[in-house]
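Me: I have a structure to go through with you. Let's take it in short questions and answers.

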Amino acid sequence: SPYFTSKQHVVGFKVKLDNEASRIHTHHMILHHCVGTMPEDTEFYESMVGKAGGHCYFDENMLQMMRSCEQYFYVWAAGGD
């Protein structure tokens with residue numbers, strides 16, 4: 001994502017699966033609302049900026065993420081719009 005020097009707001013987004021592989025392998029997406037309550041939460045998320053994605057539920061960092069991301073912000077499933 002681009003680097004911003006001032007506060008920005010997301011006003012909308014849309015799921016974009018623009019190739020056959022992404023359509024075959026994507027069943028659902030969950031966007032969590034995360035609230036960092038401790039300084040190490042900020043450090044943890046900052047360390048992930050620019051890294052490739054992966055399998056969320058099999059990652060060793062999942063427990064740390066679950067602690068601060070307990071609410072769903074947006075949920076999408078195949079066939080949804």
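Me: Is Cys69 buried or exposed?
Reply: This is a predicted model. Buried means under 20% relative accessible area. Cys69 has a relative accessible area of 12%, so Cys69 is buried.

Me: And Cys34, what is its class of exposure?
Reply: The partly exposed class lies between 20% and 50%. Cys34 has a relative accessible area of 36%. That makes Cys34 partly exposed.

Me: Which residues form a disulfide?
Reply: The cut-off for the sulfur atoms is within 2.5 Å. One pair has its sulfur atoms 1.9 Å apart. A search of the whole structure finds one disulfide. The pair is Cys34 and Cys69.

Me: How many residues apart in sequence are the parts that this pair ties together?
Reply: Cys34 lies in the loop between strand E1 (28-33) and helix H2 (39-48). Cys69 lies in the loop between helix H3 (62-68) and strand E2 (71-77). The pair therefore ties together parts that are 35 residues apart in sequence.

Me: What is the handedness of the link of Cys34 and Cys69?
Reply: Look at the angle about the S-S bond, which is 110°. With that angle, the link is right-handed.

Me: Which element gives the largest share of the lining of the second largest pocket?
Reply: This pocket has a volume of about 260 Å³. Its lining includes Leu31, His32, His33 and Cys34. The largest share is three residues, and it comes from E1.

Me: How many charged residues does that lining have?
Reply: Val10, Phe13 and Phe73 are among the lining residues. By class, six are nonpolar and three are polar. The count of charged residues is no residues at all: none.

Definitions and conventions:
Residues numbered from 1 in each chain as written. Predicted model: local features only at pLDDT ≥ 70, side-chain atom pairs only at ≥ 80, totals over all residues. Heavy atoms only, no water. Helix = DSSP H or I, 4+ residues; strand = E, 2+ residues; numbered from the N terminus. Buried < 20%, exposed > 50% of the residue type's maximum accessible area, 1.4 Å probe, protein only. 1 Å grid on protein atoms, 1.4 Å probe; cavity = no way out; pocket = protein on both sides within 12 Å on 5 of 7 lines; lining within 4 Å. Points joined across faces, edges and corners; volume = space filled by probe spheres on them. Nonpolar A, V, L, I, M, F, W, Y, C, P; charged D, E, K, R; others polar.
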